[in-house]
Amino acid sequence: MSVDLEKILRPVDSPMEPYEPKYMLLASGEAVVVREVDRDEIPDLLKYVEPLLHVERDYYDVVASRVYAELLGHYQYRFQDQYVLAVQIDGELAAIVNGRQVNPKLGLSLHTLAFRRGLRVGAHAFAAKMEYHFDQLGHDEVLIVAESPIGFRRWMIEYKLEKRFEVPHELGGVPSWALTRELFDRARSSLVVGRRPVPPELLEKAQAAILPPSDPPTPALDPLAATRAKYDPTATALMIERWEMEGRSEDA
Amino acid sequence: MAREIYAYRCRLCDTMHYPFRMVCSGCKQNDFFEFDTVPLPKAGKLLTFTKVYNLPAQYEVATLGLGIVELENGMRMLGQLDIDEPAIGMPVQGTVEIVREEPYENFYGMVFRAA
Amino acid sequence: MRDVYVAGIGITTFTRLEYALSEIASYASMMALKDAGVTEVDDVYVANMGGARVNHQTALASAVVDSLSLTPAGAAAIENGPASGGSAIKAGFQAVASGMDDIVLVAGAERMREVNNLEATDFVATLTHPIAEYIYGVTLPAHAAMFARLYMDKYGVTERHLAMVGVKNQNAALNNEWAHLQQEITLEGILDSPEAMTNNPYVAEPLRFFDACPVSDGGAALILVSKEKAQELGRPLIRISGVGQATDTHAVFEREDPTDLLAVRKAAADAFAMAGLTPEDVDVAELHDAFTILEIAESEEVGFFPKGEGHIALEKGETALGGKIPINVGGGLKGRGHPVGATGIAQAWEIVTQLRGDGGTRQVEDAKVGFTCNFGGFGNNVVCLTFVRED
């Protein structure tokens with residue numbers, strides 16, 4: 001009986017060409033590998049995403065909670081036609097990007113979550129994702145939304161996305177933007193980078209394991225520091241909280 | 001009627017100023033507003049230029065061309081550029097158009113194109 | 001005129017801070033007060049550019065003097081664009097040198113990240129000429145870019161030279177625990193590799209991402225005292241020996257020669273003249289590298305190298321730690337960060353640290369004479385200072 005139920009509950013994935021890995025150099029001179037993630041590697045990713053649920057700045061908490069749900073859904077066979085790419089530096093996770101196929105001509109970008117800041121890892125990862133949609137999956141258009149103002153500035157304005165406001169994006173029903181094949185081809189030379197094939201040693205290191213990010217974004221010392229600063233410009237409440245956390249008392 | 005950008009000529013010593021100065025930099029003897037307005041020439045040559053990608057909040061475009069132009073009369077000014085491939089020394093021609101839009105107010109300035 | 005000494009210094013980490021602007025200023029000030037060993041001052045000067053516009057805080061010095069329990073001392077906020085810090089030091093210097101005050105607190109702070117990047121860019125752009133520049137959408141990077149293009153055309157400076165300054169200063173910041181950026185970069189990553197254009201995109205051609213300093217929050221402070229007070233407090237004797245300030249036309253296009261920074265030239269010359277020193281006497285310098293091209297241009301205008309040869313000296317490594325004239329060994333604005341009001345004070349903080357011998361892994365050996373250049377507007381208001389160690 002349970003086998004029949006699973007047949008009904010589990011979505012049937014369309015055939016999608018697997019992502020061909022590539023590599024590039026960051027500003028720091030470090031090499032990164034972008035590759036597709038297997039289902040059995042998802043539990044590792046979940047482990048690394050989970051702490052970001054509590055980082056209350058730059059919309060990390062919103063993005064991380066949605067990514068967590070998407071990855072878990074993918075892992076448990078409750079999400080149709082999703083792909084997950086990992087960006088790794090020396091095996092260490094630097095970013096996760098994911099998206100899905102709506103139909104053979106239309107893609108949908110889900111998220112870009114960067115664990116390493118200051119090196120435009122997110123920009124590289126997003127471009128890799130778009131390249132995958134157009135060059136390998138054969139889509140003519142990709143629907144996109146942005147949760148963070150940084151994302152909006154980078155993608156909507158830099159790429160000059162077209163408005164598709166009549167299409168509610170599944171991430172909260174907000175009006176969608178679209179990257180068309182024409183726009184992508186125009187932007188391709190400046191925005192899509194990376195080389196193929198990946199040198200064997202680099203690829204081997206990346207495929208061996210997804211190592212934990214060494215310097216991920218962490219919650220502020222005071223868990224409500226980010227929000228509290230908005231309402232308490234003198235920061236005294238913040239200071240008192242911190243003292244309590246440090247165990248300081250009033251006794252002489 | 002075409003709009004103009006004005007320079008200010010001191011009535012005492014004829015020194016030209018753009019932008020406006022309260023005290024004439026030539027003679028320093030002028031009285032308040034003792035200047036004549038003189039329209040700036042619109043033709044000149046491009047001294048230097050840039051294409052700006054990181055724009056302030058009010059601009060909804062992806063990039064903005066800016067340049068410093070040496071006008072026919074030797075004075076210089078900053079203007080927006082509507083030029084695909086600017087080059088130092090290239091002759092340019094300006095018109096006065098809207099260069100900045102704010103809620104309830106538009107600002108006019110010189111926009112230069114290849115002459 | 002009496003001699004003026006720096007008896008205490010303080011600084012916050014330059015990064016994104018969640019504290020209010022007055023807290024940032026007070027934090028650094030408290031460090032400086034403790035360093036000097038004083039709890040009372042005669043006057044307080046607080047340098048800041050954006051308080052009113054970005055942080056909804058005016059009369060900043062009045063907030064700080066009370067927060068530090070320094071009332072009823074006099075207090076005033078000083079706003080001079082990016083040269084606010086230098087101007088605040090000059091004001092404090094004049095107070096002590098004139099004999100009017102014996103102990104002065106000079107602080108600087110900025111909290112730019114209270115608003116997003118687009119608003120921050122616009123706020124800094126308000127220092128440009130309102131009718132002839134601002135309305136065109138000009139930004140500080142745009143000015144620096146147009147200046148850089150002329151420099152490249154006239155003197156043969158290339159994008160590679162600009163990148164070299166960026167790499168030198170951002171990597172130097174790794175030796176400075178207070179610096180904003182703690183990320184190593186390489187020339188290959190930002191210039192040579194096929195991915196360089198994405199790693200290091202144009203901000204305003206020809207300036208790229210790593211040619212510009214980051215947007216930072218932070219504060220720094222100094223305690224300036226008379227000689228008697230300095231000896232009484234038993235602090236190392238670091239004297240401000242020269243102060244120079246000069247201005248130039250507001251609109252950049254009105255400068256006599258658009259590749260000259262005359263205000264830098266005059267301010268530096270005046271500071272050296274007052275101190276009885278020449279550029280050759282300087283052991284360690286802090287120049288205002290809000291954009292990499294400015295470090296090259298300033299190194300020439302202040303007199304370290306002949307005009308048009310700054311990039312050649314850079315190539316030879318003369319401006320790195322261990323070179324002929326180490327510049328920005330603590331990261332400069334590029335690596336340390338640029339909370340606008342705090343920068344002028346932070347430059348002095350670095351020099352005093354060096355002259356005291358507390359520079360750690362970035363210590364310039366046997367530094368006796370230091371120099372700072374705080375560049376306001378786009379080169380139309382510059383404050384230069386010289387510092388000497390008196391053993």
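Helix α4 of chain A runs over residues 121-136, 16 residues in total. From its first C-alpha to its last, α4(A) covers 22 Å in this predicted model, close to the 22 Å expected at 1.5 Å a residue. As for surroundings, α4(A) is largely enclosed by the rest of the structure, because 15 of its 16 residues are buried. Past the helix comes Gly138(A), which has a positive phi, near 75°.

Over in chain C, Gln354(C) also sits in a helix, namely α15, residues 340-356. With a relative accessible area of 0%, Gln354(C) falls under the 20% cut-off, so Gln354(C) is buried. What does its side chain reach at 3.0 Å? The partner is the backbone oxygen of Arg362(C). Arg362(C) also turns up in the contact list of Gln354(C), once neighbours within four places in sequence are set aside. The rest of that list reads Val284(C), Val329(C), Gly359(C), Gln363(C), Val364(C) and Ala367(C).

Asn200(C) has a loop setting instead: it lies between α9 (196-199) and β5 (202-204) of chain C. Is this loop residue buried or exposed? Asn200(C) counts as buried, because its relative accessibility is 3%, and the cut-off for buried is under 20%. Leaving out neighbours within four places in sequence, Asn200(C) touches Ile190(C) and Arg208(C), along with two phenylalanines, Phe209(C) and Phe210(C).

Terms used: Residues numbered from 1 in each chain as written. Chains lettered and ligands numbered in written order. Predicted model: local features only at pLDDT ≥ 70, side-chain atom pairs only at ≥ 80, totals over all residues. Heavy atoms only, no water. Helix = DSSP H or I, 4+ residues; strand = E, 2+ residues; numbered from the N terminus. Buried < 20%, exposed > 50% of the residue type's maximum accessible area, 1.4 Å probe, protein only. Contact = heavy atoms within 4.5 Å. Polar contact = N/O pair within 3.5 Å; in protein donor to acceptor, adjacent residues only side chain to side chain. Expected span 1.5 Å × (residues − 1).
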